[in-house]
Amino acid sequence: MIEGMVSIQLSNGEIFKLTKQISYKFIAFFFYTAIWMFMLFCQLAYANKELPLNKIKLPQGFEINIFAANVPNARSMSLSPNGTLFVGTRKAGNVYAILDHNRDNIADEAITIARGLNMPNGVAFSNGSLYVAEVNRILRYDNIEDHLKDPPEPVVVNDNFPKYRGHGWKFIRFGPDGMLYVPVGAPCNVCERKDKRYASIMRMNSDGTGLEIFARGVRNTVGFDWDPDTKELWFTDNGRDWMGDDLPPDELNHAPEIGLHFGFPYCHGKNIADPEFGKKHRCDEFTPPAMELGPHVASLGMRFYTANMFPDKYRKQIFIAEHGSWNRSVPIGYRLTLVQLKHNRAVKYDVFAEGWLQNGKAWGRPVDILIMPDGALLVSDDHAGTIYRISYKNNQ
Ligand SMILES: [Ca+2]
Ligand SMILES: [Ca+2]
């Protein structure tokens, strides 16, 4: 016998047991390998996924391209003066920093700067710091652009917001007054609450002090902006559900001063009394919407167009991202719309871009809009996990 070799005598039963063990191991190995291969395939398929951008209908002269793909659950956006695009998410719990190093309008790098947060939908960049809105608190990441790959522990700026998660994800932005505007959605489809923070837009100083209610009767706003001339706040509001396919409209609202009440839960749109709460107050006690939008369209991000790339007719008009309906037998929304203003009043509501909805099925859902320094629009899409760039070519 060769040195080191061990002779083992196995009975038939033992050989059977061994064979059985080996075959289980083989099956398990095969199974896990197959799952791993499938996941890899899915990832590659996702990475190579061609979105049907040719389905998007835009006015003559405009085009849509992908600025950043593979940005899972992309929601609110905020751009730093250096060109870093910060993107919040809702379900994913992540915050991303997206970089276009060579400035060719195609992102080159996406860095996940925070994970596991509580629906960090809102992002706002100011003075070198990134503010992130979770459900019940506002965080601040200081000097963030020097630490994208090793972000600092965030400072808790203010944690005095309700913990309830329904309509608890937040859009946030700094106003022209230097204050951070933080909405608190209604914790229900329709309800009254003694806690006056619910169904409001609040604001506070950048250090978290001076928290106050700016506007009341707002069911759930997920997008706002200030008129570049008047510096007055405009905001979208999502209408209640379960009043039928065509009621109530979503709203574009105008809040030129602090202290206005926009009707929820008593009155919807301009003059629709709520079936349950409408008896308590008349609609004319409240500030009506500046424009009634489509029913259940889920109007989220909105921006005044302040740049020069697009034709003159778009200047200082409002673009709105409509995430798309769920509480409607025939879906609508899933598009960008334009509200035209005249003498500080909203006068017209039209579709600007559509095609994310095909035969009643959506392949994409617009969430937020941002105007780039060159005048192009960025549009985030949390369903396709993509950020689009819409530009205008002045040579047609
Ligand atoms: Ca690039
Ligand atoms: Ca209202």
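## Close-up views of strands and hairpins

**Figure 1. Four strands form an open sheet in the order β1-β29-β28-β27, with antiparallel pairing.** The strands β1 (62-68) and β27 (366-371) are at the edges, and each has a single partner strand, so one side of each is left without a neighbour in the sheet. From one strand to the next, the twist averages 25°. The model shown here and in the other views is predicted. Strands of a sheet pair through backbone hydrogen bonds, and this pairing is either parallel or antiparallel.

**Figure 2. A closer view shows the pairing of β1 with β29.** Strand β29 covers residues 386-392, and 6 bridges connect β29 with β1 in the antiparallel sense. Which residue of β29 is the bridge partner of A68? The partner is I387.

**Figure 3. The whole protein gives the setting for the close-up views.** The protein contains 1 helix and 29 strands. It has 396 residues, of which 42% count as buried. Among the contacts with a separation of 6 or more, 51% are between residues 24 or more positions apart.

**Figure 4. Strands β2 and β3 form a hairpin.** Strand β2 runs over residues 74-79 and is mostly covered, as 5 of its 6 residues are buried. Its antiparallel partner here is β3 (residues 85-89), and the two strands are joined by 4 bridges. L79 is placed opposite L85 in β3. How many residues lie between the strands of this hairpin? There are 5 residues between β2 and β3, and G83 takes a positive phi near 100°.

**Figure 5. Strand β23 pairs with β22 in the antiparallel sense.** Strand β22 spans residues 318-322 and strand β23 spans residues 335-342. The pairing of β22 and β23 extends over 5 bridges. One position to find in this view is E322, whose bridge partner in β23 is R335.

**Figure 6. Strand β23 also runs antiparallel to β24.** Strand β24 is made of residues 345-354, and 8 bridges join β24 to β23. Which residue of β24 does L338 stand opposite? L338 faces D350 in β24. The strands β23 and β24 form a hairpin, with 2 residues between them. In the turn, H343 has a positive phi of about 50°.

Technical notes:
Residues are numbered from 1 along each chain as its sequence is written. Chains are lettered from A and ligands numbered from 1 in the order in which they are written. This is a predicted model: local features need pLDDT of at least 70, side-chain atom pairs count only at pLDDT 80 or more; totals for chains, interfaces and linings use all residues. Two strands pair if DSSP finds at least two bridges between them. Axes are lines fitted to C-alpha atoms, for helices over the stretch in contact, and angles run from 0 to 180 degrees between N-to-C directions. A residue is buried if 20 or more other C-beta atoms lie within 10 Å of its own, exposed if 12 or fewer, and partly exposed in between; C-beta atoms are placed from the backbone. Two residues are in contact if their C-beta atoms, placed from the backbone, lie within 7 Å.
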